Amino acid sequence: MRKIITILLLLMSFTAMSAQTIKDSGYRAVAYIKSDGTIQDSNYRTIGYIKSDGRVQDASYRTIGYANGIPLRWAAFFFFFRQ
C-alpha cells in the first residue's frame, strides 16, 4: 500500500510540473503556461511572466499587474488573452 501511495504522489507531481494549456473553442492551443510562470503564445514565444509573489510582467519584464493567490491560468487569461 505504501508503494502505491508513493507512485500516485510521484505521478501527481509530474502532472503538476507540466505546462498548462489554454485552448480556444475549437480546442486549438492558444497559450502555454510553464510551471515557472512563463506565459507563451501558441508559437511558444514568451509573452509574459507571473512571478511567485503574484507580480505579472510583460515580455520586457515591465510589471503590468498583480495576481497573488489566483491560479496561473486565470491570471494569464486576464492579463494576456482577454479582448
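The sheet in this predicted model is open and has six strands, in the order β1-β2-β3-β4-β5-β6, with antiparallel pairing. Strands here are DSSP runs of E with at least two residues, helices are runs of H or I with at least four, and both are numbered from the N terminus. Two strands pair if DSSP finds at least two bridges between them. At the edges are β1 (20-23) and β6, each of which pairs on one side only. Neighbouring strands are turned by 20 degrees against each other on average, direction ignored; axes are lines fitted to C-alpha atoms, for helices over the stretch in contact, and angles run from 0 to 180 degrees between N-to-C directions.

Within the sheet, β2 and β3 pair in the antiparallel sense over three bridges, and I33 has I39 of β3 as its bridge partner. The helix α2 packs on the sheet and touches β1, β2, β3, β4, β5 and β6, its direction making about 130 degrees with that of β4. Contact means heavy atoms within 4.5 Å.

Strand β3 (residues 38-41) also contains Q40. Q40 is buried, at 11% relative accessible area; buried means under 20%, exposed over 50%, and partly exposed in between, with a 1.4 Å probe and protein chains only. Leaving out residues up to four places away in sequence, Q40 touches V30, A31, Y32, K34, R45, T46 and I47.

I turn to the core. The largest nonpolar core has eleven residues: I22, A31, I33, I39, I50, V56, A67, A75, A76, F80 and F81. Such a core is a set of buried Ala, Val, Leu, Ile, Met, Phe, Trp, Tyr and Cys residues joined through side-chain atoms within 4.5 Å. Both β2 (29-33) and α2 (72-81) supply at least two residues of this core, and α2 gives the most, with four.

Next, the aromatic rings. The whole structure holds three aromatic pairs; rings of Phe, Tyr and Trp (its six-membered ring) pair if their centres lie within 6.5 Å, and planes under 30 degrees apart count as stacked, over 60 as edge-to-face and the rest as tilted. Y49 and Y61 are stacked, because their ring centres are 4.7 Å apart and their planes at 10 degrees. F78 and F79 are edge-to-face, with centres 5.1 Å apart and planes at 85 degrees.

On conventions, residues are numbered from 1 along each chain as its sequence is written. Local features need pLDDT of at least 70, side-chain atom pairs count only at pLDDT 80 or more, totals for chains, interfaces and linings use all residues, and side-chain values use heavy atoms, with hydrogens and water left out.
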